[in-house]
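Trainee: I would like to go through this structure with you step by step, beginning with a pairing between strands and moving on from there. Could we take it as a series of questions?

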Amino acid sequence: MAAHRCVSSALLVFLCVLSVFTVARSQETTPPGGHGAPATDGPQTVTETTGQTAGQPAAEERRWEATEVKEATPDESAAEEQEAPAADTAAPSAGPRPKDDFQEELVIRPLHSGDIYASFQFRTLWETDFTRENKVSHYRLFPKSLGQVISKFSVRELHISFTQGYWRTMQWGQPYQPSPPGAELWVWFQDSVTDVDGTWKELTNVLSGIFCASLNFIDSTNTVQPSASFKPLGIVNEVTDHRFLRYATLPREIVCTENLTPWKKLLPCGSKAGLAVLMKSEKLFHSSFHSQAVHIRPVSPTSWELRQTLNVVFDLHTSGQGKREWSLFKMFSRTLTEACPLASSSKIYVDVTDNPQGEQFELSPATPLLSQEVVLGDRRTFSVYDLTQQITFGTVRSLNLLIRWKSSEGDMLRPLLHGERYVAGYGLQTGEIHTLMYNYHPYRSFPVLLLDSVPWYLRLYIHTLTVTSKGKDNKPSYIHYQPSKDRLRPHLLEMLVQLPPNSVTEVTVQFERALLKWTEYTPDPNHGFYVGSSVISSLVPSIVAMDTNITQERPLFSSFFPCKEESSYFVRVYTEPLLVNLPTPDFSMPYNVICLTCTVVAVGYGSLYNLLTRSFQIEEPSPGLAKRLANIIRRMRGVPPL
Amino acid sequence: MLILMTLFSSCLFVSSSNIEDNVGNFFSSGHTNNWAVLVCTSRFWFNYRHVANTLSVYRSVKRLGIPDSHIVLMLADDMACNHRNPKPATVFSHKNMELNVYGDDVEVDYRGYEVTVENFLRVLTGRLPPSTPRSKRLLSDDRSNILIYLTGHGGNGFLKFQDSEEISNVELADAFQQMWQKRRYNELLFIIDTCQGASMYERFYSPNLMALASSQVGEDSLSHQPDLAIGVHLMDRYTFYLLEFLEDIHPASKTNMNDLFKVCPKSHCVSTPGHRTDLFLRDPGSVLVTDFFGSVRKVEITVETINLTSPIMQTEEKSAAYGDLQKETYSFSDQLPVSEIIHQKPKQKDWHPPDGFILGLWTLILLVFFKTYGMKHLKHIF
């Protein structure tokens, strides 16, 4: 009977298996059709962008050549291109406009010292409105972690940067996005925030989790509220109230792969496709300067812009090989095979201004696209590689840019503004901070805003503040000083100084070092304590007319700082951070003191106590055995013992 | 024909009983998720090997399936991007730079000065400030198997954190008891690679704890091999052989704890590794290594068909709502408005009641006035 039941169950199982197989085979054929049905914006936008890029490369080429021929004002030359950042312009093609847009760029600038400067720019533009109360729940290209941070903490602008190394302005020129060594965070909050300090503290904790950095060390002892620097970089609709601005730096913060990993994960294509494929940590951190930053700001009432920038300067000598030759493979140990499919534009710009006829260096593979941009007050010429075109990759299907130098002559245009800072003095009690600002313009003077944030344990004596240029006293037209409170807030000094042409301005202030409490020292106090960099913001006169038209499409690296007038451009220079030694106690002292005290007490007091309290008695030595027996017999006899 | 059918049915019967055995194995451990807390407590460049120890355990644990969100990695100093490192962004475990345990995808949760005894105990017991991000929390429940790995410099009954503080074995045992009372773990494996490491697990008294140490009380744990190019010792012996053992483990391997206890015998390690299993309820021979080092998912195969609901349509935003916004003018602000800055009104200072000094000064003035001119003027004033 059991066997009979077994046979029937086996037959049933066999039939079930057969039916499952037939059902599965039929299901395999339906999914390709099924995925087409849920019609979101996804497939439509992909076809749109490919349609646009396919239909317009010929028009684009013509447009690039037009800019080269017409050397007149750059305002008229560049024509309108596809997605414009302002919400007012209509979509060029029929159908729903994509809600967000992603562009990527790589700018390569050979430096005169033989090094090479590579700057990655990634921009995600998102049409949404956080200020309205509707909850945003659909994130496509804009990373969800940052979107939630912005809406939860009512952030209007967020700028965070992580830098390793110091930017040498005199050898390398000006960077496209300046940043100080360590970590820097400055945030503009919305007007609706009631407790800015509490929100700031929570925001720093959340960001420390997102970027794997110890940003939770930002508290009231290193946060300042500048009153004139760090104006918003996005759009505003009213006079800015500096009550909603907070600025903090952590000069000690280390940048390593654990900060790069979450930064790469914020990109739509991650590190799998497009320009982000080049970001390999072993090469990026083996460099003279490495800086990665995230900038979020509103660029129109309904759209937000997220910019991720990575600036790196590779050193000629540490990367091996004496001869001066740079290629993508030598810099990043990778080559490019495709653009990010989600990007609407993916380009590489190589600065060839110093090489108009190709006599200084040779760039291969050759490209017909040239572009002229006004950036950092100068008109530069760039060779452009468009990665969305299959022809850029050639027959080998990979792009490895090669720059080979033939001659190394010519010198760099000297940057107009430069800053330095150092500590003078001797000993561990007092010292003097000197900040030098150099104006290299031959005949123009310009105003400069200096922001200094000094920790409370360096007590500044503001009555010793002197500002001298060319030997004479130079009175600042605006000074804002907020003194420190011990263990609560740092010093804040902001000054607007007019720098005379071709001069050095020196700002000196004396300070006294404080003695910290025993528990406030770091585990390695003999390393020293860091003082954050000074920030020098200025409107520097430019050589060529700057472009003030904001609706025009420009490459990302030239449109970071908004430009209000044509004759000057905004520049921010960071000085070196200072490393100051505070009077450090000997931390083995508690142990030493306990040992010494216990020894003194035991030996000294113990002996004294014994001497005073011990009583002495004279004791007969015990007699020998014979004598003891004799004493016993004598006692029995009643005679006194021996 | 009938013989064939009987043979077929018997085969099915045998295979079905095997499936039942495997299903039984699935639920023998009783845990549903895995967590790991990996701590390196030493600072300074010459303690490179402790960071390499922790990173090699991190690498094995990630490789065997525990995701970053379930790993709390604490490194007290940065060796990879240290300026003394001749190959930046790398931490090697074998000489001649064979294996880079730092990798390209590492997420360190607590780094630098954040690695303190207080933060470590707060992570274990879950008593963290409310604004701590998720990646810094140990969000385990009563069905979690937790692996805790500590390395650094230690002594008889204590472990040194960053050259400035220490954690004692009593504190650690109490923290584990708190975890047990709050039902924060199902089973816990504690591995420690320091000098006299066995003293750290002497005081445990909570159930379901298994502990491994690299040396007994009175013995020092030694380091493995220096690399002449980097200039420091790269790994400690116990963790070196532990890494070698773990490299052979894959997510489906059936190696059990008895094999783990045999890692690094005295001939290799010079010190005597020890272990403690008396508080553990199951027999160590039935505990798989992947119960703690890996995160084996329980998979249920279903043959039912599921109907998808209608596709999600995006609702079009009302463009009329933006009309009122555009009435306000928006523009980019001036980055350095010199005239505005110079003519900035000074901030209204909050009124404070007069200070003690001012009050004293006025009292003195009044006293002197009335002393010279006599008290009869008082009634004219009051």
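Trainee: In β11(B), which residue is the bridge partner of I235(A)?
Mentor: Keep in mind throughout that this is a predicted model. The strands to look at are β6 of chain A, residues 235–236, and β11(B), which run antiparallel and are joined by two bridges. Within β11(B), the residue that partners I235(A) is F332(B).

Trainee: How many residues does chain B bring to the contact with chain A?
Mentor: Both sides have to be counted, and here a contact means heavy atoms within 4.5 Å. Chain A contributes 70 residues, while the number taken from chain B is 56.

Trainee: Which three residues supply more than any other three of the area that chain B buries against chain A?
Mentor: The size of an interface is often given as the accessible area lost when the parts come together. For chain B and chain A that area is about 5800 Å², with 60% of it on carbon and sulfur atoms. Of what chain B buries against chain A, 16% comes from three residues, namely R111(B), F332(B) and Q335(B).

Trainee: Which residue meets R111(B) in a salt bridge?
Mentor: Between chain B and chain A the count is six salt bridges, and one involves the side chain of R111(B). The N to O distance in that bridge is 2.5 Å, and the partner is E253(A).

Trainee: Which element gives the most to the side of chain B that touches chain A?
Mentor: The two chains also share 20 residue pairs in polar contact, both residues being at pLDDT 80 or more. On the side of chain B that touches chain A, at least two residues each come from α1 (2–26), β11 (331–332) and α9 (338–342) of chain B. That side divides into 27 nonpolar, 16 polar and 13 charged residues. The element that gives the most, with five residues, is α1(B).

Trainee: Which strands stand at the edges of the open sheet β5-β6-β7 in chain B?
Mentor: The sheet has three strands in that order, with antiparallel pairing. Strand β6, residues 158–161 of chain B, is joined to β7(B) by four bridges, and F158(B) has S168(B) as its bridge partner in β7(B). The strands that pair on one side only, and are therefore the edges by the pairing listed, are β5 (154–155) and β7 (165–168) of chain B.

Trainee: What angle does the direction of helix α3 of chain B make with that of β7(B)?
Mentor: Helix α3, residues 117–125 of chain B, packs on the sheet and touches both β6 and β7 of chain B. Its direction and that of β7(B) make an angle of about 35 degrees.

Trainee: Why is one side of β10 and of β12 in chain A left without a neighbour in the sheet?
Mentor: These strands belong to an open antiparallel sheet in the order β10-β15-β12 of chain A. Strand β10(A) pairs with β15 of chain A, residues 402–405, over three bridges, and in β15(A) the bridge partner of S327(A) is L402(A). Because β10 (325–327) and β12 (361–364) stand at the edges, what each has is a single partner strand.

Trainee: How many residues apart in sequence are the parts that D100(A) and R140(A) tie together?
Mentor: The whole structure holds 33 salt bridges over all chains, and in the one between D100(A) and R140(A) the closest N and O atoms are 2.6 Å apart. D100(A) lies in strand β1 (residues 100–110) and R140(A) in the loop between β2 (116–127) and α6 (144–153) of chain A, so the parts they tie together are separated in sequence by 40 residues.

Trainee: Which residue is joined to P365(A) by a cis peptide bond?
Mentor: P365(A) is found in the loop between β12 and β13 (370–375) of chain A. The bond has an omega of about 0 degrees, and the residue joined to P365(A) is S364(A).

Methods
Residues numbered from 1 in each chain as written. Chains lettered and ligands numbered in written order. Heavy atoms only, no water. Buried area = accessible area lost by both parts, 1.4 Å probe. Salt bridge = Lys/Arg side-chain N within 4 Å of Asp/Glu carboxyl O. Polar contact = N/O pair within 3.5 Å; in protein donor to acceptor, adjacent residues only side chain to side chain. Nonpolar A, V, L, I, M, F, W, Y, C, P; charged D, E, K, R; others polar. Pairing = 2+ DSSP bridges. Axes fitted to C-alpha atoms, helices over the stretch in contact; angles between N-to-C directions.
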